[in-house]
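Hi everyone, thanks for making time for this. I'd like to walk you through one structure, so let me put it up on the screen.

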Amino acid sequence: EATDAEHDITRGVIHIQNSPFTTEEGLADYFRQFGKIIRIKLCRENGNGRPTGEAFLEFRTRPMADDAAEHANGKVGDRKRMEVQAIEVADDDYDIFTPRDVE
């Protein structure tokens with residue numbers, strides 16, 4: 001079993017704001033060029049289900065997430081300039097991938 005330090009090294013999560021992508025498939029199609037995607041969370045508005053422009057992606061490794069953030073940050077699509085950052089995710093905050101409504 002991996003130690004906490006080894007587990008943290010393998011995690012690679014990015015946070016996206018102003019995403020031009022409206023589906024998980026669209027996110028995956030674009031971001032898979034940076035590495036193996038494990039999970040995707042596309043945040044949606046409560047009630048109507050429209051994407052909020054915010055998303056989280058988990059990559060197999062932290063270097064993959066770092067590469068995605070470096071190359072995708074500032075890219076423009078559908079007149080939106082994406083803000084992409086690799087983020088640290090603590091074990092107790094890892095529920096960002098749990099489905100829930102956004103108000």
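Before I point at anything, one term: when I say strand, I mean a DSSP run of at least two residues marked E, and the strands are numbered from the N terminus. Please also keep in mind that what you see is a predicted model.

With that term in hand, let's go to strand E2, which covers residues 37-44 and contains Arg39. Is Arg39 buried or exposed? Neither, quite: Arg39 is partly exposed, because its relative accessible area is 32%, and that value falls between the 20% limit for buried and the 50% limit for exposed. What does the side chain of Arg39 touch? There is a polar contact of 2.8 Å between it and the side chain of Glu58. The backbone tells a related story: Arg39 and Leu57 are 18 residues apart along the chain, and their C-alpha atoms are separated by 5.8 Å.

Let me zoom out for a moment. The chain has three helices and six strands, and if you read from the N terminus on, the order is α-β-α-β-β-α-β-β-β. It is a chain of 103 residues, and 37% of them count as buried. For those of you who like contact maps: take the contacts between residues at least 6 apart in sequence, and 64% of these join residues at least 24 apart. The accessible surface comes to about 6500 Å², with 45% of that belonging to carbon and sulfur atoms.

Now, the aromatic rings. How many aromatic pairs does the structure hold? Five. One of them is Phe21 with Phe31, an edge-to-face pair with 6.3 Å centre to centre and 65 degrees between the planes. Phe21 sits in the loop between strand E1 (12-17) and helix H2 (24-31), while Phe31 belongs to helix H2, so this pair ties together parts that are 10 residues apart in sequence. Both of these phenylalanines, Phe21 and Phe31, are buried.

Then look at Tyr30 and Phe34. Their ring centres are 6.0 Å apart and their planes meet at 65 degrees, so this pair is edge-to-face; the cut-off for that label is over 60 degrees. Phe34 is buried, because its relative accessible area is 10%, and the limit for buried is under 20%. Put these rings together and you get a cluster: ring pairs link Phe21, Tyr30, Phe31 and Phe34.

That's my tour, and I'm happy to rotate the view for anyone who wants another look.

Key
Residues numbered from 1 in each chain as written. Predicted model: local features only at pLDDT ≥ 70, side-chain atom pairs only at ≥ 80, totals over all residues. Heavy atoms only, no water. Phe/Tyr/Trp six-rings, centres within 6.5 Å; stacked < 30°, edge-to-face > 60°. Helix = DSSP H or I, 4+ residues; strand = E, 2+ residues; numbered from the N terminus. Buried < 20%, exposed > 50% of the residue type's maximum accessible area, 1.4 Å probe, protein only. Polar contact = N/O pair within 3.5 Å; in protein donor to acceptor, adjacent residues only side chain to side chain. Contact = heavy atoms within 4.5 Å. Areas by Shrake-Rupley, 256 points an atom, 1.4 Å probe, with all protein chains shown as cover.
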